[in-house]
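Morning, everyone. I will walk you through one structure today. Please look at the picture as I go.

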Amino acid sequence: MTATRALTLAQARRVAIAAQGFLDPRPEPFAATARHVQRVLDRVGVVQIDSVNVLARSQYLPFFSRLGPYDTALLDRARDRAPRRLVEYWAHEASLVPPTTWPLLDFRMRKAAQDAWGGMRSVVRDRPDVVDRVRAEVEASGPLTSREVEAALEHDAPRPTDHWGWNWSEVKQALEYLFWAGEITSAGRTPQFERRYASLRTTAPPGIRDAWTDRPGEEADPQRFVELTRIAARAHGVASERCLADYFRLSREQVRPAVERLVADDELVPVTVPGWPRAWLHAGARMPRRVHVEALLSPFDSLVWQRERVQTLWDFHYRLEIYTPVERRVHGYYVLPFLFGDRLVARCDLKADRGAGVLRCHRTTWEPDAPPEARSALLAQLESMAAWLGLSRVDLPAAGTGGDAGSLVGERPQRLT
């Protein structure tokens with residue numbers, strides 16, 4: 001296969017930024033509507049969920065990065081109220097996806113008995129009676145949290161406690177297996193981030209119910225991989241095979257025939273990009289001559305999911321250090337890259353101190369080639385984020401307390417009110 005054109009890294013960065021929706025016009029602060037939220041969803045295709053709440057739940061942050069301050073209830077309503085425009089499933093990790101994407105992931109549902117985590121597989125194998133009772137309870141009375149299902153079943157089996165984060169009861173394991181297998185769904189989350197398990201029959205949009213009823217036999221339909229690769233390609237703008245596979249956590253073997261199909265249909269155009277032996281440009285990708293974006297990015301933002309992609313396009317070595325011991329962390333606990341222009345120029349370790357009403361910037365680390373004007377731009381983004389989170393001020397580290405954080409605002413005060 002011969003590449004039809006060559007892209008520079010700068011061109012590839014601009015294509016990627018545009019494809020992810022960063023060039024779409026921003027509404028005024030707190031003036032975003034459901035249409036603005038939908039526009040972001042249409043751009044990115046999938047939004048990752050994570051339980052860490054040191055700043056804000058991860059699903060809210062990509063919308064702030066693209067829209068500025070907005071009412072998060074807009075996203076909650078899209079997920080929780082009919083007609084649901086978002087459903088939860090294992091897409092790129094735990095994620096929110098449009099209802100039309102959910103049935104495309106049925107290949108994952110079919111393999112729940114083989115691929116689900118050990119506790120889920122064991123409860124199916126050893127306690128099918130629990131699985132049946134849990135399924136019946138959700139069908140009859142859902143949406144319910146796992147604690148509500150346990151109470152309803154008067155289930156009080158001992159739980160293992162030797163591994164934090166995995167001490168699930170058999171009921172929780174059964175619920176998660178049924179969710180993985182696509183036999184039940186989610187009707188949203190509680191404020192405590194507990195999933196509300198629900199029946200497909202009563203909760204899922206018609207498109208989900210119909211697709212699930214009409215799904216083919218035991219073998220996954222290869223067209224599913226074409227559709228998922230199409231979504232990933234559009235969201236990336238330009239991508240390597242590894243990028244396309246990672247978006248929905250597909251294998252290279254699943255993606256490769258899909259890419260060939262999309263190339264044959266002229267939806268993907270082979271290109272060369274420095275650092276990628278093979279790459280493809282989406283035929284509808286926007287190719288701006290210049291971009292200027294100022295945005296703080298969640299560690300779970302789809303622009304920076306694939307770390308090899310970030311390294312190639314931005315020469316930015318980025319790793320999540322939440323699970324790294326404190327003494328081994330380089331940049332901090334919850335570190336957000338700062339996108340300025342078309343470059344990633346800094347990292348901010350942030351925490352929303354809700355009790356004190358403060359957005360705390362524990363540490364800011366600048367890239368060596370960061371332009372001086374990026375410092376005031378970052379400060380403006382921090383102030384905007386504080387306002388969005390309902391915090392009264394931004395606290396910055398004093399000079400010399402970590403990285404080169406003290407250079408963030410030059411001569412301006414380190415505490416802002």
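Let's start with two strands, β1 and β8. They run parallel, and two bridges join them; β8 covers residues 268-273. Find alanine 6, please. Its bridge partner in β8 is threonine 272. One caution before I move on: this is a predicted model.

Now follow the chain out of β8. A hairpin links β8 and β9, with two residues between them. Glycine 275 sits in that turn, and its phi is positive, about 100 degrees. The two strands run antiparallel, joined by five bridges. For one of the pairs, take valine 271, whose bridge partner in β9 is alanine 279.

Next comes β7. It pairs with β9, residues 276-282, in the antiparallel sense, over two bridges. Here valine 238 has leucine 281 of β9 as its bridge partner.

Put those strands together. What is their order in the sheet? It is β1-β8-β9-β7, an open sheet of four strands with mixed pairing. Why do β1 and β7 have one side without a neighbour in the sheet? Because they stand at the edges, and each has a single partner strand.

On to another pair, β3 and β4. Strand β3 is residues 87-91, and five of its five residues are buried. Look at which way they point. Val87, Tyr89 and Ala91 go one way, while Glu88 and Trp90 go the other way. Both sets are buried.

β3 pairs with β4, residues 93-97, in the antiparallel sense over five bridges. The hairpin between them passes through one residue. Valine 87 stands opposite valine 97 of β4.

Keep Glu88 in mind, and turn to arginine 195. You will find arginine 195 in strand β6, residues 195-199. Is arginine 195 buried or exposed? Its relative accessibility is 6%, and buried means under 20%, so arginine 195 counts as buried.

What do the side chains of glutamate 88 and arginine 195 form? They form a polar contact of 2.6 Å. Glutamate 176 also makes a side-chain polar contact with arginine 195, at 2.5 Å. Leaving out residues up to four places away in sequence, arginine 195 touches several others, among them Leu144, Phe179 and Ser186.

Now the nonpolar interior. The largest nonpolar core has 134 residues. Which residues have the most contacts inside it? They are Leu55, Leu350 and Met385. The helix that gives the most to this core is α17, residues 373-388, with eight residues.

Let's zoom in on leucine 350. Neighbours within four places in sequence are set aside here. Leucine 350 is in contact with Leu55 and Met385, and its other contacts include Val54, Tyr334 and Cys361.

That brings us to the cysteines. How many disulfides does a search of the whole structure find? Zero. Take cysteine 348: the nearest cysteine sulfur belongs to cysteine 361, and it is 4.4 Å away. A disulfide needs the two sulfurs within 2.5 Å, so this pair does not count. Cysteine 348 has a relative accessible area of 0%, so it is buried. Cysteine 243 is buried as well, with a relative accessible area of 1%.

That is my tour. Over to you for questions.

How values were computed
Residues numbered from 1 in each chain as written. Predicted model: local features only at pLDDT ≥ 70, side-chain atom pairs only at ≥ 80, totals over all residues. Heavy atoms only, no water. Buried < 20%, exposed > 50% of the residue type's maximum accessible area, 1.4 Å probe, protein only. Core = buried A, V, L, I, M, F, W, Y, C linked by side-chain atoms within 4.5 Å. Contact = heavy atoms within 4.5 Å. Polar contact = N/O pair within 3.5 Å; in protein donor to acceptor, adjacent residues only side chain to side chain. Pairing = 2+ DSSP bridges.
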